[in-house]
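Open the model in your viewer and keep the selection tool at hand. This tour goes stop by stop: what to select, then what is there.

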Amino acid sequence: MLFVASVGAHVLSGMGFVAPAARWLVTGQAMAGCMLLAASVMRWRVAWGAGLAVLAALGYVLPPGFVLLADSVVLYTVLQGVLLLLFARTLRPGREPLVTMLARQVHGTLRPDVRLYTRQLTWAWSLFFAVQLLLPALLALAGPAGWWRAVLHGASLPLVLVMFGVEAGVRRWRIRNFEHASIMESVRAFNNRARG
């Protein structure tokens, strides 16, 4: 519900309907908050539902442009933060790094140099998402005017694609005499990990 409200609101905003878009976003947040409250049996869900309902109520008081900007910032921050946590939490002592786990699912037992590389790659992705998380703020403080908004509205996706491309080249250069997985095999391994 929140995702649909957010996407719909930004589409309407792009068409020039800023005030109706903000109201639609706020209504979607309020409905999601009410649904969470109604369906929850755990305290944290009640807290999230109440928080969303309060945010939705604030959305009716604040200017529409601010509501849409705040939504973009929150969505971007949540997405980048979740990706950062997904990689970084597997780097704690006693845990298997995420990229190592995925490579093991595709290839089985890994050579020591491959295990080292996959650990380093998990660090690289963690740092990448940490920079992505901070990038809008850094650009707002020291970058060209308005570039921070571009990052919030999709310019970070090409950076992810560049990271994938650079990593594929580095992997083939550093790890030789090894059958490298295709992107689809990696995606399947990630999906299997998410399900299991």
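A residue counts as buried when its relative accessible area is under 20%, as exposed when that area is over 50%, and as partly exposed in between. Keep those cut-offs in mind throughout. Note too that this is a predicted model.

**Stop 1: the whole protein**

Show everything as a cartoon. The secondary structure comes to 8 helices and 0 strands. Read along the sequence, the pattern is α-α-α-α-α-α-α-α. The protein has 196 residues, and 32% of them are buried.

Switch on a surface. About 12200 Å² is exposed, and carbon and sulfur atoms supply 72% of that area. Now consider contacts between residues at least 6 apart in sequence: 67% of them join residues at least 24 apart.

**Stop 2: helix α7**

Select residues 147-174. This is helix α7, with 28 residues. Put a distance label on its end C-alpha atoms. They are only 35 Å apart, where a straight helix would reach 40 Å.

Where does α7 bend? Centre on G154: the helix turns there by about 75 degrees. Then step on to P158, a proline that follows within four residues.

Next, colour the buried residues of α7. They are V151, L152, S156, V160, M163, E167 and R171. Two members of that list, E167 and R171, get a stop of their own.

**Stop 3: E167 and R171**

Show both side chains as sticks. Is E167 buried or exposed? Its relative accessibility is 9%, under the 20% cut-off, so E167 counts as buried. R171 has a relative accessible area of 18%, so it is buried as well.

Both residues lie in helix α7, 4 residues apart, about one turn of the helix. Their side chains meet in a salt bridge, with N to O at 2.9 Å. Side chains of opposite charge can pair when their charged atoms come close.

Now expand the selection to the surroundings, leaving aside residues up to four places away in sequence. E167 touches Y117 and L121. R171 is in contact with Y117, H180 and A181. Keep Y117 displayed: the contacts of E167 include it, and so do those of R171.

**Stop 4: the other salt bridges**

How many salt bridges does a search of the whole structure find? It finds 3. The pair between R171 and E167 is one of them.

Select R104 and E96 for another. The closest N and O atoms of this salt bridge are 2.6 Å apart. R104 has a relative accessible area of 38%, which makes it partly exposed. E96 is partly exposed too, at 27%.

Then select D113 and R111. Their side chains meet in a salt bridge, at 2.8 Å from N to O. D113 is at 33% relative accessibility and counts as partly exposed. R111 has a relative accessible area of 29% and is also partly exposed.

Compare burial across these stops. R171 and E167 are both buried, whereas R104, E96, D113 and R111 are partly exposed.

**Stop 5: a nonpolar patch**

Go back to the surface view. Select V162, V166, V170 and W173. They form a nonpolar patch on the surface. Together they have about 400 Å² of accessible area. V166 is found in helix α7, the helix that also holds E167 and R171.

**Stop 6: helix α5**

Select residues 98-107. This is helix α5, and L98 is found in it. The buried residues of α5 are L98, V99, T100, M101, L102 and A103.

Start with L98. At 0% relative accessibility, it counts as buried. Pick its C-alpha atom and that of L121. The two are separated by 9.1 Å, with their positions 23 residues apart along the chain. L121 is familiar from an earlier stop, where E167 touches it.

Move to M101, also found in helix α5. Its relative accessibility is 15%, so M101 counts as buried. Pick its C-alpha atom and that of T118. They are separated by 8.6 Å, and the residues are 17 apart along the chain.

Finish just past the helix. What is the phi of G108, which follows α5? It is positive, near 80 degrees.

Methods
Residues numbered from 1 in each chain as written. Predicted model: local features only at pLDDT ≥ 70, side-chain atom pairs only at ≥ 80, totals over all residues. Heavy atoms only, no water. Expected span 1.5 Å × (residues − 1). Bend = angle between axes of the 7 residues up to and from the residue. Buried < 20%, exposed > 50% of the residue type's maximum accessible area, 1.4 Å probe, protein only. Contact = heavy atoms within 4.5 Å. Salt bridge = Lys/Arg side-chain N within 4 Å of Asp/Glu carboxyl O. Patch = residues over 30% accessible without salt bridge, like charges linked within 9 Å, V, L, I, M, F, W, Y side chains within 5 Å. Areas by Shrake-Rupley, 256 points an atom, 1.4 Å probe, with all protein chains shown as cover.
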